[in-house]
Structures are given as C-alpha cells and as structure tokens.
Amino acid sequence: MEIAIVVILLVAGLINGLPVIGVAGAGRLARLYGLTMTDPDLLVLMRHRALLLGLLGAALVGAAFVPGWRAPAMVAGLVSMLAFVALARVAPGPKIRTTAIVDVVLSAALTVALVLHLLPR
C-alpha cells in the first residue's frame with residue numbers, strides 16, 4: 001500500500017508541477033500551451049497559474065515522503081484538478097480536453113491513494 005501511495009503522489013506531483021516552467025515568461029507559456037500571450041495582464045495571470053501549479057506539484061511530491069502532508073496535499077490536488085475539469089466543460093478544445101482527461105485519471109488515482117492512506121493499518 002505504501003509503495004502505491006508514494007508512486008501516485010510522485011506521478012501526480014510531477015505532472016501537476018510541469019507547468020511551473022511557465023513562470024519563466026511568455027515564450028515558455030507559448031510552448032506549453034501553444035498560445036501567444038500578448039496581453040500583459042493575461043501573461044501575469046498565466047505565470048501566476050504556473051507558480052501555483054508548481055507549488056501544488058511540490059506539495060504532492062513532498063507528501064510522498066512526509067506522511068503528515070498526504071491527506072491535505074491529496075485533497076488540494078483533487079480540488080484543483082476537479083475544479084479544472086468542471087471549468088473545462090465550457091471550452092472543450094483539444095488541448096483543454098486532453099488536460100481534463102489527464103486530470104480525471106490523476107484524480108481517480110489520488111482518490112485511491114487517499115483511501116489507502118486513510119485505511120486503518
């Protein structure tokens with residue numbers, strides 16, 4: 001059980017944290033999302049989003065090694081990913097759809113990990 005929890009947390013953390021490279025600026029964001037960020041306000045918002053996803057990814061990776069972080073990190077991951085899936089329903093483009101599918105799969109895996117973590121040992 002422990003190995004499954006750790007693997008799920010590491011995978012979810014790394015995938016959630018990938019967008020952190022967008023903090024580096026418009027060029028990185030364009031490569032990540034295939035969109036040109038010409039509006040400076042949108043650029044700030046997207047860079048901030050990248051930072052928050054990086055923090056979430058770091059929390060999930062950290063939780064793989066610090067059991068006391070696990071439940072809060074997994075709940076935060078679930079809230080973030082399921083909120084994205086719900087919001088993505090209004091913009092069902094192919095890139096959004098792919099991200100939503102990944103988030104559904106990761107949410108299912110995190111749910112399994114959370115249940116395993118909460119089971120009495």
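Which residues lie nearest the centre of the largest pocket? Pro19, Tyr33, Arg49, Phe84 and Thr99 do, out of 22 that line it.

## Ground rules

This is a predicted model, so to speak with the usual filters: local features need pLDDT of at least 70, side-chain atom pairs count only at pLDDT 80 or more, and totals for chains, interfaces and linings use all residues. Numbering starts from 1 along each chain as its sequence is written, and side-chain values use heavy atoms, with hydrogens and water left out.

## Overall fold

The protein has five helices and zero strands (DSSP runs: H or I of at least four residues for helices, E of at least two for strands, numbered from the N terminus). Its radius of gyration is 15 Å, close to the 14 Å that the globule rule gives for 121 residues, so it is as compact as a globular protein of that length (taken over C-alpha atoms; the rule is 2.2 Å times the number of residues to the power 0.38).

## The pocket

H5 gives the most to the lining, with six residues. By type, the lining residues split into 15 nonpolar, four polar and three charged (nonpolar is Ala, Val, Leu, Ile, Met, Phe, Trp, Tyr, Cys and Pro; charged is Asp, Glu, Lys and Arg; the others, Gly among them, are polar). A pocket here is an open set of points on a 1 Å grid over the protein atoms alone, where a 1.4 Å probe fits, with protein on both sides within 12 Å along at least five of seven lines; lining residues have an atom within 4 Å of a point.

## Around Leu9

Beyond its neighbours within four places in sequence, Leu9 is in contact (heavy atoms within 4.5 Å) with Leu60, Val61, Ala63, Ala64, Arg70, Met74 and Leu110.
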